[in-house]
Amino acid sequence: MVRDPGAHVGCTFGFIFSKLARMSTTPPYPNAPIALAIVEVRGPESPPLTRAEVLSLRKAVQPKLPLFATERAGSISMEIGPAGVRQVESGEQELVKFLTRSRRTSATFTPTSTIIETTDYKGWSDFKTFVRLALTARQDIAPMDGLVRLGIRIIDEIRVPEDARPDWSDWLSRALLAPSVESAGRRLMLKQQQSVVQYAGHDHGETLTVRYGAMDGPAVVTSAQNLIRPDVPGSGPFFLIDTDAAWEITDGEEMPPLNPDDTTRLADKLHAPMKEIFESFITDRLRKEVFA
């Protein structure tokens, strides 16, 4: 569903967040460019869900996620031996999924995680209701024994109404863009650029990773077997902003219990700078002419 846009080039510059208080309270844009949002809550391995647990989960999430599906997914682990590191296939596992009738929002339950995904993002508050519903159902019926990692990933694909290749400096912060280059007295137009920057969070175990760049090709996010992205844009220029905020347990740290309320509050904390960074990347012209 998520296409790898290619290798990312490291970047070490900082960003100026001069209006973060205003940005953090910005309401959802009517035409937001979010193609996919994901929350993954990972714990230690648990036994596979029993049939009775699946039926109870189905009943608990049915008001918002009435459709049921299963998928088979292979798992891969890494082994270190005399010949170096190699991938080892660990067999298949069954993924239990519940979806909205549009098949654009889903909750997936595995022995090690609860994953909530949507291609129909209507704002953090709306998405968080699905996160809380899935976590509460999971912990009431087939609880995970602790919190190993909490991750939030939001993928934005920004397209602007220009027939030719866009001049992205009109739409995005110039700090994001490659240096301007001239040849034969003319400025070369930026076609492709991929970069990555990672920040340490305010507290221990938190990171914020942003992959971004000008793209020219097919969409990064497409439809999957049980998660639909309708009207996938055709091949062409767009600007990718792929933001991943996470908290992860570190060696020697005691694993906290997985409480839905505490986990949701941690998700709020991780999400706040994601919104702030996105707002710092874009211009008022993009807000007014494309997102409004």
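Strand S5 has side chains pointing in two directions: Thr-105, Ala-107 and Phe-109 face one way, Ser-106 and Thr-108 the other, and all are buried. This description, like everything that follows, rests on a predicted model. The pattern agrees with a general rule: in a regular strand, side chains alternate between the two faces of the sheet. In S5 neither direction leads to an exposed residue, since five of its five residues are buried, and the strand is accordingly described as mostly covered.

The partner of S5 is strand S6, which comprises residues 113–118. The two strands run antiparallel and are joined by five bridges. Within this pairing, Ala-107 stands opposite Ile-116 of S6. Three residues separate S5 from S6, and the two strands form a hairpin.

On the other side of S5 in the sequence is the loop between strand S4 (84–99) and S5 (105–109), and this loop contains Arg-103. The phi angle of Arg-103 is near 60°, a positive value in a residue other than glycine. Arg-103 counts as partly exposed because its relative accessibility is 42%, which falls between the limits of 20% and 50%. A second residue of this kind is Asp-231, which is not a glycine yet has a positive phi of about 55°. Asp-231 is likewise placed in a loop, here between strand S11 (206–217) and strand S12 (236–248). With a relative accessibility of 74%, Asp-231 counts as exposed.

Aromatic rings provide another way to follow the fold, and the structure holds eight aromatic pairs. One of them is formed by Phe-68 and Phe-98, whose centres are 5.5 Å apart and whose planes make an angle of 50°, a tilted arrangement. This pair links distant parts of the chain, as Phe-68 belongs to strand S3 (residues 67–81) and Phe-98 to S4, 30 residues apart. Phe-68 is partly exposed at 36% relative accessible area, whereas Phe-98 is buried at 0%. Phe-98 also pairs with Phe-109; their ring centres are 5.9 Å apart and their planes stand at 65°, so this pair is edge-to-face. Because Phe-98 lies in S4 and Phe-109 in S5, the contact ties together parts that are 11 residues apart in sequence. Both Phe-98 and Phe-109 are buried.

Elsewhere, ring pairs join Tyr-29, Phe-278 and Phe-291 into a cluster. Aromatic rings also meet charged side chains. Arg-159 lies over the face of Phe-238, at 4.5 Å from the ring centre, and Arg-285 is placed over the face of Trp-171, at 4.0 Å from the ring centre.

The helices complete this account. In helix H2, which spans residues 51–61, the buried residues are Val-54, Leu-57 and Val-61. These three residues cover an arc of only 60° around the axis and therefore lie on the same side of H2. The spacing reflects a general property: an α-helix has 3.6 residues a turn, so residues three or four places apart point the same way. On the other side of H2, Arg-51 and Lys-59 are exposed.

Helix H4, residues 260–281, includes Ala-272. Ala-272 is partly exposed, with a relative accessible area of 29%. Its C-alpha is 9.6 Å from the C-alpha of Ala-245, although Ala-272 and Ala-245 are 27 residues apart in sequence.

Notes. Residues numbered from 1 in each chain as written. Predicted model: local features only at pLDDT ≥ 70, side-chain atom pairs only at ≥ 80, totals over all residues. Heavy atoms only, no water. Buried < 20%, exposed > 50% of the residue type's maximum accessible area, 1.4 Å probe, protein only. Helix = DSSP H or I, 4+ residues; strand = E, 2+ residues; numbered from the N terminus. Arc of directions from axis to C-beta. Phe/Tyr/Trp six-rings, centres within 6.5 Å; stacked < 30°, edge-to-face > 60°. Lys NZ or Arg CZ within 6 Å of the ring centre and 35° of its normal. Pairing = 2+ DSSP bridges.
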